[in-house]
Amino acid sequence: MSQTVIVNNEHGTFKQSHGAPMGGGLSGLLSDIYMEKLETIIFNDFPKLKWKRYRDDTFMTWSTTENGPISNFLDYLNSIDAHLKFTHEIENNNSLPFLDVLITRHSNFLSTSVYRKPTHSDRYIHYTSNHEPRIFDNTLQSMVRRAIIYCTTPNSFATEINHLRTTFALNAYPNTVINKYTSTEFIENLKLRISSPKSSFSDISDNSIWLRIPYDPYIWSPLRKICTKYKIKLSGSKTFNIGNMITNIRPPIIPLEYSGGAVYRIKCQACDTFYIGETLQKVNDRMNQHKNKCTQAINTNVAPRDSLNDCGPIKHAVETGHIWSFLNPVLLAKIPNGPNRELREGMEIYIHKINGFSLCNVMDGKTVQSCWYELLHDFKRSTNQKQY
Ligand SMILES: [Zn+2]
């Protein structure tokens, strides 16, 4: 795996030097398999160890009077595999957080409650956001459910429910909803459901028909009534919002084989100069054109004047001797329609310029009508330069 995993981004190509890539689809499974192998060694050497692990987090109890200082055990763990570094945290005021559970030691038992990191924002999906009501109900319900499962003392449970009441009020949940899901009656019912769970297949065995359509607050309630009449279950699907239409958190690398119409950005390998272009050709062919023209221009020391659009990268190459990163174009938009693509190219050039990018484009692309400027300037405030 360490030989085959390659991470591509605008700044070049990287090879995973050891282990599984962070966030990779297989990484969790592979780390579990590896940790289990490691545990057979550990349990063989320490048969009485009290050790509970989730992925790479382990909770354990250690008696220094019986086993000596914990640092000896840590040294032992770190001697097994040079690539693994174990660190440890010990209890503070008889308490230690593990995942999202706070474990507290009493004289002859351990109690647990919900743990939130000090940086936790207590922000949940806001009640005014455009989602079907069950999304809000489920959000609060799942927090109450967690409180029931984690809080082992009446005190910690009451504290947690009070915390949820305050928090969800701050997230604009109406009192009726908060009161409903934190009422004694609801909690007792939920406790029963948790202690005797239904088979996970019981919900799908009734042959219901599901209708999945984008949620609309104005038609949802009457539509639900009609659907219920015909035994159809209604479910809201994700809708387009302004955010996911216009922002790319991580601009994807375009497959070089892509030929459906693209607005792309390329970067100079030697400095922070960028070029924005658009094409309907196969991306690879377009990149080769750029590359051939740059090579030709550097060899003859003359920038060809036949196509103004191509001039930017060529001019930069001739003037500086820098080489462009033609193997890693960043996709800014996929747009098959020619005029729309050219317009988007013009918008991207404008947005990049106001975001402080140094562009070598000789032309500004299709002019963006001035009525769009205000919206494009808002982009500047909401878009992190590095991400864009
Ligand atoms: Zn450069």
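**Reading a sheet, its helix and its cores**

Biologist: Before we zoom in, what are we looking at, and how many helices and strands are in the chain?

Modeller: This is a predicted model. The chain holds 13 helices and 13 strands. Of its 388 residues, 14% count as buried.

Biologist: Okay, sheets. Which order do the strands take in the open sheet of four?

Modeller: General idea to start with: strands of a sheet pair through backbone hydrogen bonds, either parallel or antiparallel. Here the order is 12-10-11-13, and the pairing is mixed. Strand 12 (330-334) and strand 13 (358-359) are the edge strands; each has a single partner, so one side of each lacks a neighbour in the sheet.

Biologist: And in which sense do strand 10 and strand 11 pair?

Modeller: Antiparallel, over six bridges, with strand 10 covering residues 262-267 and strand 11 covering 273-279. To find the register, start at K267: its bridge partner in strand 11 is F274.

Biologist: Which helix lies across those strands?

Modeller: That's helix 12 (residues 338-354), which lies across strands 10, 11, 12 and 13. Helix 12 runs at about 165 degrees to strand 11.

Biologist: Now the packing. Which residues have the most contacts inside the largest nonpolar core?

Modeller: The general idea is that in soluble globular proteins, nonpolar side chains tend to be buried together. In this model the largest core has 23 residues, and Y264, I266, Y275 and W324 have the most contacts inside it. Strands 10, 11 and 12 each supply at least two of the core residues, as do helix 10 (283-300), helix 11 (311-320) and helix 12. Helix 12 gives the most, with five. There's also a second, separate core of eight residues, with F136, A147, Y173 and Y181 among them.

Biologist: Let me pick on Y275. What is Y275 in contact with, leaving aside its neighbours within four places in sequence?

Modeller: I266, G312, P313, L359, C360 and N361.

Biologist: What do strand 8, helix 8 and strand 9 make together?

Modeller: A right-handed β-α-β unit, with helix 8 spanning residues 220-229. Strand 8 (209-214) and strand 9 (232-237) pair in the parallel sense over six bridges. For the register here, L211 has L234 as its bridge partner in strand 9.

Biologist: Last one: helix 7. How many of its 12 residues are buried?

Modeller: In general, an α-helix has 3.6 residues a turn, so residues three or four places apart point the same way. For helix 7 (residues 184-195), the buried count is zero, and the helix is hardly covered. Helix 7 reaches 16 Å from its first C-alpha to its last, close to the 16 Å expected at 1.5 Å a residue.

Key:
Residues numbered from 1 in each chain as written. Predicted model: local features only at pLDDT ≥ 70, side-chain atom pairs only at ≥ 80, totals over all residues. Expected span 1.5 Å × (residues − 1). Buried ≥ 20, exposed ≤ 12 C-beta atoms within 10 Å, placed from the backbone. Pairing = 2+ DSSP bridges. Contact = placed C-beta atoms within 7 Å. Axes fitted to C-alpha atoms, helices over the stretch in contact; angles between N-to-C directions. Core = buried A, V, L, I, M, F, W, Y, C linked by C-beta atoms within 7 Å. Right-handed = clockwise from strand over helix to strand, strands pointing away.
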